[in-house]
Amino acid sequence: MKHFLRGGAMSLVVALLAGCARLGGQRPAEQPLKIGLVAPITGSIATFGKSTRQGAALVFDRVNDQGGLLGRRIQVIVEDDAGKPEEAANVFTKLVNRDRVAAIVGSVATKCSFAGAPVCQRGGVPMITPASTNPKVTEIGDYIFRVCFVDPFQGEVIARFLVDNLGLKRVGIIYDLTNDYSAGLADYVEDNVEKLGGEVVSRQTFSEQDKSFKAQLTAMQARRPQAIFVSAYYTEAALVARQARQLGIAATLMGPDGWDSPMLVESGGDAVEGGYFSDHYSADSPNPRTQEFVAAYRERYGESPDALAALGYDAAGLLVDAIRRAGSAEGAAIRDVLAATTEYDGATGAISMDAERNARKPAVILQVKDGKFVLVETIAP
């Protein structure tokens, strides 16, 4: 009788466990591998979010079409931070604490990555930002990575191009004092212009959502700058350019990677024609990996990919590669493999992680010419 009861109890336990598995929906090996993607899908920099999402989707969809990752289908959970830090904090918290994602691609804007990175660090969830260039982002912790270059290098590239390549030594700077990305770049460009023998003749500020910049530009015009560095995203940059030309300012306009959007030309029109900006890649690059990506993107979306699309593609590709190499979806294992990355062959070039988990890679200078972004020069670190 005892043996019968013991056997019956064991059978009941097995049945209950099987029932729980069915109620849970899937056995662990069949459960999807959840990955978060955070980007500004709406808001003033929504083209950045669209491009990032579309670039990343090429990678995740291809992996699923080929049978998944670690024997599991990837489930991408997309969250919109609208380019706002408070929204970023909320959606990162949801992804880490409720959705239990294995890793996160995002965010795009530096201020949003500043809000999300501490959540990932506390939760032990690897985060790869495609485009947040402020060096302090990855300083938040050892679970935070990026596939883009950092602003100290970008500031040097911009200054070298203005002073050494174009011979423009009298530089004006206008930037958003409420934005860490914009303000930080203004400092790096000023420091490097002066190191190269140039002079920042005027430094003007504005605040997010400002629409008129004529007072600042008038003050700058009195100092006769040969070039104006507009440290801003494409939305403000287009307005600054139009108002500068309306005031008769003929100085060469230069910007950072935040200019890279079709909206720059759509909103800026002739005012941005001839202007230059630094960026992470060019669709005109002869690199076979770049051209493979460009062809796939054009076939799927019917348009040429910008740098945000390429960076989203590389962030997703690097993450998939790391999980595959780690043989695990555990945060610490993914982190360790990401940190050891060398010469990952990406659409934006070979990616190697330095000791601060930053990608060391070249930058390009693009010019707005006939409404298109044309490759002018590639500048290595």
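Me: Buried means under 20% relative accessible area and exposed means over 50%; on that scale, is Y281 buried or exposed?

Reply: Y281 counts as buried, because its relative accessibility is 5%, and the cut-off for that label is under 20%. Please keep in mind that this is a predicted model, and that Y281 sits in the loop between β10 (276-279) and α10.

Me: OK, let me step back before going on. How many helices and strands are in the protein chain?

Reply: The protein chain has 12 helices and 14 strands, and its C-alpha trace spans about 100 × 40 × 35 Å along the principal axes. Of its 381 residues, 54% are buried.

Me: And what share of the contacts links residues 24 or more positions apart?

Reply: Taking the contacts with a separation of 6 or more, 67% of them are between residues 24 or more positions apart in the chain.

Me: What about the surface and the charges: what is the accessible area, and how far apart are the mean positions of the positive and negative charges?

Reply: The accessible surface comes to about 16100 Å², and carbon and sulfur atoms account for 51% of that area. There are 40 positive and 45 negative charges in the chain, and the mean positions of these two groups lie 6 Å apart.

Me: Now the rings. How many aromatic pairs does the structure hold?

Reply: The structure holds 12 aromatic pairs. One of them joins F149 and F153, whose ring centres are 5.8 Å apart and whose planes meet at 75°, so that pair is edge-to-face. As for their surroundings, F149 and F153 are both buried.

Me: Which pair does Y281 form, and what are its distance and angle?

Reply: Y281 pairs with F293, again edge-to-face, with 6.3 Å from centre to centre and 65° between the planes. That pair links distant parts of the chain, since F293 belongs to helix α10 while Y281 is in the loop before that helix, and the two are 12 residues apart.

Me: Is F293 buried or exposed?

Reply: F293 has a relative accessible area of 1% and is therefore buried. Both rings also belong to a cluster in which ring pairs link Y281, F293, Y297, Y301 and Y313.

Me: Staying on helix α10, which residues does T290 touch?

Reply: T290 is in helix α10, and, leaving out residues up to four places away in sequence, T290 touches Y281, S282, S285 and A347. The side chain of T290 also reaches the backbone oxygen of A347 at 2.7 Å. With 2% relative accessibility, T290 counts as buried.

Me: What about E292, is that one buried or partly exposed?

Reply: E292 is partly exposed, with a relative accessible area of 44%. This residue lies in α10, the helix made of residues 288-301, and its side chain is joined to the side chain of R289 by a polar contact of 2.9 Å.

Me: Why might residues like those point the same way in a helix?

Reply: In general, an α-helix has 3.6 residues a turn, so residues three or four places apart point the same way.

Me: And how far is E292 from A347?

Reply: Their C-alpha atoms are separated by 8.0 Å, although E292 and A347 are 55 residues apart along the chain.

Me: Different helix: what do the buried residues of α12 pack against?

Reply: They pack against β4 (127-129), β5 (144-146) and α11 (307-326). The residues in question are G331, I334, R335, V337 and L338, in a helix that covers residues 331-339.

Me: Last topic, the backbone. Which peptide bond is cis, and which residue has a positive phi although it is not a glycine?

Reply: The peptide bond from G106 to S107 is cis, with omega near -10°, and S107 is placed in the loop between β3 (103-105) and α4 (110-123). L70 has a positive phi of about 55° without being a glycine, and R224 likewise has a positive phi of about 55°. For background, most residues other than glycine have a negative phi, and most peptide bonds are trans.

Me: Where are L70 and R224?

Reply: L70 is in the loop between α2 (46-65) and β2 (74-80) and counts as partly exposed at 36% relative accessibility. R224 is in the loop between α7 (214-221) and β8 (227-231) and counts as exposed at 60%.

Definitions and conventions:
Residues numbered from 1 in each chain as written. Predicted model: local features only at pLDDT ≥ 70, side-chain atom pairs only at ≥ 80, totals over all residues. Heavy atoms only, no water. Helix = DSSP H or I, 4+ residues; strand = E, 2+ residues; numbered from the N terminus. Buried < 20%, exposed > 50% of the residue type's maximum accessible area, 1.4 Å probe, protein only. Polar contact = N/O pair within 3.5 Å; in protein donor to acceptor, adjacent residues only side chain to side chain. Contact = heavy atoms within 4.5 Å. Areas by Shrake-Rupley, 256 points an atom, 1.4 Å probe, with all protein chains shown as cover. Lys, Arg positive; Asp, Glu negative; His and termini not counted. Charge placed at Lys NZ, Arg CZ, Asp CG, Glu CD. Phe/Tyr/Trp six-rings, centres within 6.5 Å; stacked < 30°, edge-to-face > 60°.
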